[in-house]
Each structure stands twice: as structure tokens, then as C-alpha cells.
Amino acid sequence: MRILKIFLAIAVGIQMFLGCQLFESNKVSPQEIKSASAWSEKDQEPSFTDCDGFDQAIDKKNCFESMISNSIMDYISENPWESSQYIDEEIVLNLHIDKEGYFSLQDIERSKAIADAIPNMDESLEIAVSQIPQAQPAIKTNVGVFVATTLKLPIMISAQ
């Protein structure tokens, strides 16, 4: 009986010692993570269901960009800006599309002159961007998950 207990204790000890490697984790270098998470041609860009009928990727992209631009321009047309100065300048909207496909305005790249000429521009653009319809979010296909994305939208502002 004593030999059986010793044998059992040794067997359990060996099993515990050998089983520890099951709990070891493999370290992944930051370069491997960056490489795996980099955007590739196989990944799916965000889209609108209205753009699904296009076969070519460039047509889908143009449709997507057009829907965003039209949504913003419709809001601005309904809520026109006023300026006391002549303006002929480009601004750039930095848009964020979250994992659920909702848009938000991250930043506006513009000159101080245009910001002074149209004081309510920031608030107006914030509202305009929030009214862009929900999109289908981008998909990182190598892991099959929705991901947040950003895009730059240039807008030409002309006022006399």
C-alpha cells in the first residue's frame, strides 16, 4: 500500500511538472501584431447597403463617399452658413466610423481665417456628420471582426 502511495505521489508530481507547459503562453512580438492588424486588400471597407449593387470596388467606394458628401451637403443647404468675408478655401473633415457604423467628427482641418469667417461652422458640421446614415462597418477579414475606421473628407468652401 505504501509503495502504491509513493508511486501515485511520483506520478502526480511528474504530471504536474509536465503539465505546466500547457499553461505557458506564446509571446507575440509587437511587429507581428502590427503586421497582422495592418489593413490589407482582402479587408472590407465600410459601406452603405445602397452601394451593395455595384460590382467594382471603385464604384462602391465612390458611392460610399458620395452618400457621405450628399448627406453633409443636404444639411448645409438646409442650414446655410453666412460669412461677411470672401472665402475660397478647402477644409478637411476627419471622420470616425465606429464598430457599429456610426459616424462622428474627430477634427476639422481649417485655417483660422475660415473659422473666424464662419463662427458656427464647427457646430453645424458636428450636427451634419451625426446625421449621416449608419453604415456597415469595416471588417478585418483575417480575424472576422468589425473595426473602427477613419477617413478624411475634403470640402471646398466658397462664399462671396
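A residue counts as partly exposed when its relative accessible area lies between the limit for buried, under 20%, and the limit for exposed, over 50%. The close-up views below are taken from a predicted model.

**View 1. Ser111 in the loop between β2 and α4.** The loop that holds Ser111 follows β2 (103-109) and leads to α4 (112-117). Ser111 has a relative accessible area of 25% and is therefore partly exposed. A polar contact of 2.3 Å links the side chain of Ser111 to the side chain of Glu89. Glu90 also appears in this view: its C-alpha atom is 8.9 Å from that of Ser111, although the two residues are 21 residues apart along the chain.

**View 2. The open sheet of three strands.** The strand order is β2-β1-β5, and the pairing is antiparallel. β2 and β5 (149-159) are the edge strands, each pairing on one side only. On average, neighbouring strands of the sheet are turned by 30° against each other, direction ignored.

**View 3. Pairing of β1 with β5.** Strand β1 covers residues 87-97 and is joined to β5 by eleven bridges, the two strands running antiparallel. Two of the residues of β1 are picked out here with their partners. Ile87 has Ala159 of β5 as its bridge partner, and Leu95 has Leu151 of β5.

**View 4. The β1-β2 hairpin.** Between β1 and β2 there are six bridges, and the strands run antiparallel. Val92 is bridged to Glu109 in β2. Five residues separate the two strands of the hairpin, and in the turn Gly101 has a positive phi of about 95°.

**View 5. Helices lying across the sheet strands.** Helix α3, residues 57-78, lies across β1, β2 and β5 and runs at about 50° to β5. Helix α5, residues 121-130, lies across β1 and β2, and its angle to β2 is about 150°.

**View 6. The disulfide of Cys51 and Cys63.** A disulfide is a covalent bond between the sulfur atoms of two cysteines. The count for this model comes to one disulfide. The sulfur atoms of Cys51 and Cys63 are 2.0 Å apart. The torsion about their S-S bond is about -80°, so the disulfide is left-handed. Cys51 belongs to the loop between α2 (30-37) and α3, while Cys63 is in helix α3, so the pair ties together parts that are twelve residues apart in sequence. Both cysteines, Cys51 and Cys63, are buried.

**View 7. Ser47 and its contacts.** Like the previous view, this one shows the loop between α2 and α3, where Ser47 is placed. Ser47 is buried because its relative accessible area is 11%, which is under the 20% limit. Neighbours within four places in sequence left aside, Ser47 is in contact with Asp52, Phe64, Ala135 and Gln136.

**View 8. Pro80 in the loop between α3 and β1.** Pro80 has a relative accessible area of 59% and is therefore exposed. Met121 is shown with Pro80: the C-alpha atoms of the two are 9.9 Å apart in space, and 41 residues separate them in sequence.

**View 9. Confidence along the chain.** The chain has an average pLDDT of 84, and 79% of the residues score at least 70. Among the elements of the chain, β2 has the highest mean pLDDT, 95, and helix α1 (residues 2-19) the lowest, 64.

Definitions and conventions. Residues numbered from 1 in each chain as written. Predicted model: local features only at pLDDT ≥ 70, side-chain atom pairs only at ≥ 80, totals over all residues. Heavy atoms only, no water. Helix = DSSP H or I, 4+ residues; strand = E, 2+ residues; numbered from the N terminus. Buried < 20%, exposed > 50% of the residue type's maximum accessible area, 1.4 Å probe, protein only. Polar contact = N/O pair within 3.5 Å; in protein donor to acceptor, adjacent residues only side chain to side chain. Pairing = 2+ DSSP bridges. Axes fitted to C-alpha atoms, helices over the stretch in contact; angles between N-to-C directions. Contact = heavy atoms within 4.5 Å. Disulfide = S-S within 2.5 Å. pLDDT = per-residue confidence, 0-100.
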